[in-house]
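Student: I am new to this structure. Please take me through one part of it closely: what lines the largest cavity?

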Amino acid sequence: MPRATAHRWGRAAAVAVTAVCLVYAPIAMTELWPYARPGAPAFGEWLLGRSVSPEYVAAAVRDRMGPYTRSLLPLVLHSVLGGLLMLLGPAQLLTAVRRRIRLHRALGIAYAAVVYVSMAGAALYLVRTRPEEAFSGAAFWIVLATILLGTVFSVTFGVLTAVTGLPELHQRWMLLGYGYLMTAPLLRIEWGALPVLYPGLPLQDVNRVAIMHLGLLVVFGALLASRALDRRDNHPFVSGGWYPWPVLAAGYAAGAAGLVWLARGFLDHGTEGRRLLLAYLLPYCVVIAALHLRAVRAGRRGAVWAREEWRAHLLALCLAPAFSAATAVVCERSLGLDALTALVAGAGIGCGFLAFGAHAVISLRVLYGREAARRGRSAAAVPAPARTSRTHP
């Protein structure tokens, strides 16, 4: 894709994400009001009731009332601050692009503090709620816990890389953390969209369908944003390939084996299993194809850094189905979950978890390259010892 066209697409995507965040912020801030005071206004419920049906919303409120009221204060704190994060995120991105360094740092401190407090509220809810009692069941609880941990660790690494003067890694970690946060507004969009495809499907089942691919979509979006902001084809401290074709071929084979195992598991559960498998398989194949194409194109133009970053995420997502299959087995045997719930949990966390691993590998590559370059400069700066001549009698 030509650079000018890619730039236009990047700007359009940034505008779209900003619009989603601005619309979702008041929805998040008022979402828990009806649980604290029945009849209180909530923008999200109002929109959902008119886009789907009032009965759809009423059933969801009724089914969530029990687990939510036990941890209402932490959840209100989490949702209100989550709405604030939807506003701070685009502001952070804009100040970074515009090089407003002081404002970016001030907003960044506020952003990190709000993330930690908001996630603490969510953690209290999860601790107080047993997985099987959570809305949409144990699989949804496991996915929520994984998103929480991914967000906290991503922001923490983002702060550490900013303090240590690693701006390219800081950018990537912060975008990944914000990608995890974007699962909230995207989930609400699917609450309104999926009933069109599956009329009569209750919100609990809509959640199960949505978590099959939301993790994949947000980490892919974070990667696209990272590559759009870092337009370098090559990195000063990273050269050569770390992922030869035998490694990529092994990754493809592991991914195919994992997909076959997951497909067989889901197909054993009739209509619901086929619905969940389709929700996972279609986006997954599209993203894998896009990553492969980007890596090939970068390699053809000699863009080693870009190629290796695409390949890192390609290999990670290829391994995601195998990881999900293993996770499903562990969840079924150690947590006592039924087979379908374990499959949903494994598939729901696999792509997001492996993308976090890909970011860690890229960070280690950059740190290793910087350290190797530093040692090379130090060795070059040390003068060679003078030779002494010996006289023989």
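Tutor: Here is a look at that cavity, then at two of the helices beside it in the account. Keep in mind that the model is predicted.

Start with the count. There is 1 cavity of 30 Å³ or more. The largest cavity holds about 50 Å³ of space.

Now the lining. Its residues are Val-219, Phe-220, Leu-223, Val-287, Leu-291, His-313, Leu-317 and Ala-355. By class, 7 of the lining residues are nonpolar and 1 is polar. Charged residues are absent from this lining.

Next, the helices. Three of them supply at least two lining residues each: H11 (214–229), H13 (270–300) and H14 (304–334). H11 gives the most, with 3 residues.

Take H11 together with H14. Two packed helices are described by the angle between their axes and the distance between the axes. The axes of H11 and H14 come within 12 Å and cross at roughly 175°. An angle over 145 degrees counts as roughly antiparallel, so H11 is roughly antiparallel to H14.

Which residues meet where H11 and H14 are in contact? From H11 come Leu-216, Leu-223, Leu-224 and Arg-227. From H14 come Trp-305, Ala-306, Glu-309, Trp-310, His-313 and Leu-317. These contact residues divide into 7 nonpolar, 1 polar and 2 charged.

Now join the two views. Leu-223, His-313 and Leu-317 line the cavity, and Leu-223 of H11 and His-313 and Leu-317 of H14 also belong to the helix contact.

How values were computed
Residues are numbered from 1 along each chain as its sequence is written. This is a predicted model: local features need pLDDT of at least 70, side-chain atom pairs count only at pLDDT 80 or more; totals for chains, interfaces and linings use all residues. Side-chain values use heavy atoms; hydrogens and water are left out. On a 1 Å grid over the protein atoms alone, a cavity is a set of points where a 1.4 Å probe fits but cannot get out, and a pocket is an open set with protein on both sides within 12 Å along at least five of seven lines; lining residues have an atom within 4 Å of a point. Grid points are joined across faces, edges and corners, and a volume is the space filled by probe spheres set on the points. Helices (H or I, at least four residues) and strands (E, at least two) are DSSP runs, numbered from the N terminus. Ala, Val, Leu, Ile, Met, Phe, Trp, Tyr, Cys and Pro count as nonpolar, Asp, Glu, Lys and Arg as charged, and the others, Gly among them, as polar. Axes are lines fitted to C-alpha atoms, for helices over the stretch in contact, and angles run from 0 to 180 degrees between N-to-C directions. Angles under 35 degrees count as roughly parallel, over 145 as roughly antiparallel, 65 to 115 as roughly perpendicular and the rest as oblique. Contact means heavy atoms within 4.5 Å.
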